[in-house]
Every structure is written in C-alpha cells, then in structure tokens.
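Hi,

Here is the structure I said I would pass on. Have a look at it first, and then read my notes below.

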Amino acid sequence: MNSDPVVDRIGRSAIIICVVFAAIALSIWGVRVAVAVLGGGLLIGISFYTLGHGVAALVLIATGGGSKRQAIAGTVLKLVLRYALLGFLAYVMIARLRLHPIGLLVGASSVPAAAFVEAVRLLA
C-alpha cells in the first residue's frame, strides 16, 4: 500500500516527539510519568495507523468497483473493532496499570504536535 510522504513524515516525527517528551518526563517527573507518555504515544500510534489504513481501504473500495456494500461493511467493522481494542488498551493503561493520566495525554499529543511541525514545515 503506497502511502503519502507527508503522512509518513508526520508518523516519523510523532515517534521522535513522543520519545523526546518521554525523556523530558523522565528527567523531571520520573519513570512513572515517562512510561505513561510512551503508553499515550502507543495509543495514538495505533489510532494513527488504524485511521490511515481504514481510509486507504475505503478509498480503494470507492475507486475499485465490485461488491462495494459488503467491502465497505467489512472495512467499517474492522475499524470499529480496532477502536474497541484501542479503548480497551486505554482502560488497561489507566485502570489496571495505573499510568499517570497527564503522561498519557502528553504522549497522545505527539501526533498533533507532529502535524503542527509538518504544517509549519510546509508553510515555510
């Protein structure tokens, strides 16, 4: 599956930003918050991957032809199940692993931060 180079750069930048956020959290607040930042980065990374592949599959179906109704239903079902898994992972991280919620939020903000960096890069 061919991907957009801008989306690829956002993904790579998000990983770098998340690791930098985790290093900063480690140096200031300790291991507990740093692990939470990485956990939030994992959650947003799964979401980023799921959304990208779901949209790509829907575009492929829309341009391909054939049995569109069944293919769209299958793709939407996959998307719903992946997000259900994502919700379960978030529950486990917050309720069972007791990761710091602010750290999770900081880690989850790595993709929006990477999108901001890419937007500034494109405007400059």
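Of the 124 residues in the protein chain, 25% count as buried. Keep in mind that this is a predicted model.

First, the overall layout. The chain has five helices and zero strands, so to speak a plain α-α-α-α-α when you read along the sequence. Its C-alpha atoms fill a box of roughly 55 × 45 × 15 Å along the principal axes. If you take the contacts in the chain with a separation of 6 or more, 75% of them are between residues 24 or more positions apart.

Now helix 3, which runs over residues 68-96. It has 29 residues, and from its first C-alpha to its last it reaches 41 Å, close to the 42 Å expected at 1.5 Å a residue. Which of its residues are buried? They are T75, L86 and M93. The cover over these buried residues includes helix 2 (31-64) and helix 4 (101-108). Just after helix 3 comes R98, which takes a positive phi of about 55 degrees.

One residue on the helix 2 side is worth a click: S47, which is found in that helix. S47 has a relative accessible area of 15%, so it counts as buried. Leaving out residues up to four places away in sequence, S47 touches Y83 and L86. You have met L86 already, as one of the buried residues of helix 3.

Next, the salt bridges. How many are there? The count comes to two, and they share a residue, E118: R9, E118 and R121 are linked in a network.

- R9 and E118: their side chains meet in a salt bridge at 2.9 Å, N to O. This pair links distant parts of the chain, with R9 in helix 1 and E118 in helix 5, 109 residues apart.
- E118 and R121: here the closest N and O atoms of the salt bridge are 3.0 Å apart. Both residues sit in helix 5, and because they are three residues apart there, about one helical turn separates them.

Is E118 buried or exposed? Its relative accessibility is 2%, so E118 counts as buried. Its two partners come out as partly exposed: R9 has a relative accessibility of 27%, and R121 has a relative accessible area of 43%.

Last, a pocket to look at. The second largest pocket holds about 190 Å³ of space. Of the 14 residues that line this pocket, the closest to its centre are G11, A14, I15, G41 and G45. Where does the lining come from? Helix 1 (5-28), helix 2 and helix 5 (110-123) each supply at least two residues of it. By type, the lining divides into eight nonpolar, four polar and two charged residues.

If you want a route through the model, I would start with helix 3 and its buried residues T75, L86 and M93, go on to S47 in helix 2, then turn to the network of R9, E118 and R121, and finish at the second largest pocket, with G11, A14, I15, G41 and G45 closest to its centre.

Cheers

Methods
Residues numbered from 1 in each chain as written. Predicted model: local features only at pLDDT ≥ 70, side-chain atom pairs only at ≥ 80, totals over all residues. Heavy atoms only, no water. Helix = DSSP H or I, 4+ residues; strand = E, 2+ residues; numbered from the N terminus. Expected span 1.5 Å × (residues − 1). Buried < 20%, exposed > 50% of the residue type's maximum accessible area, 1.4 Å probe, protein only. Contact = heavy atoms within 4.5 Å. 1 Å grid on protein atoms, 1.4 Å probe; cavity = no way out; pocket = protein on both sides within 12 Å on 5 of 7 lines; lining within 4 Å. Points joined across faces, edges and corners; volume = space filled by probe spheres on them. Nonpolar A, V, L, I, M, F, W, Y, C, P; charged D, E, K, R; others polar. Salt bridge = Lys/Arg side-chain N within 4 Å of Asp/Glu carboxyl O.
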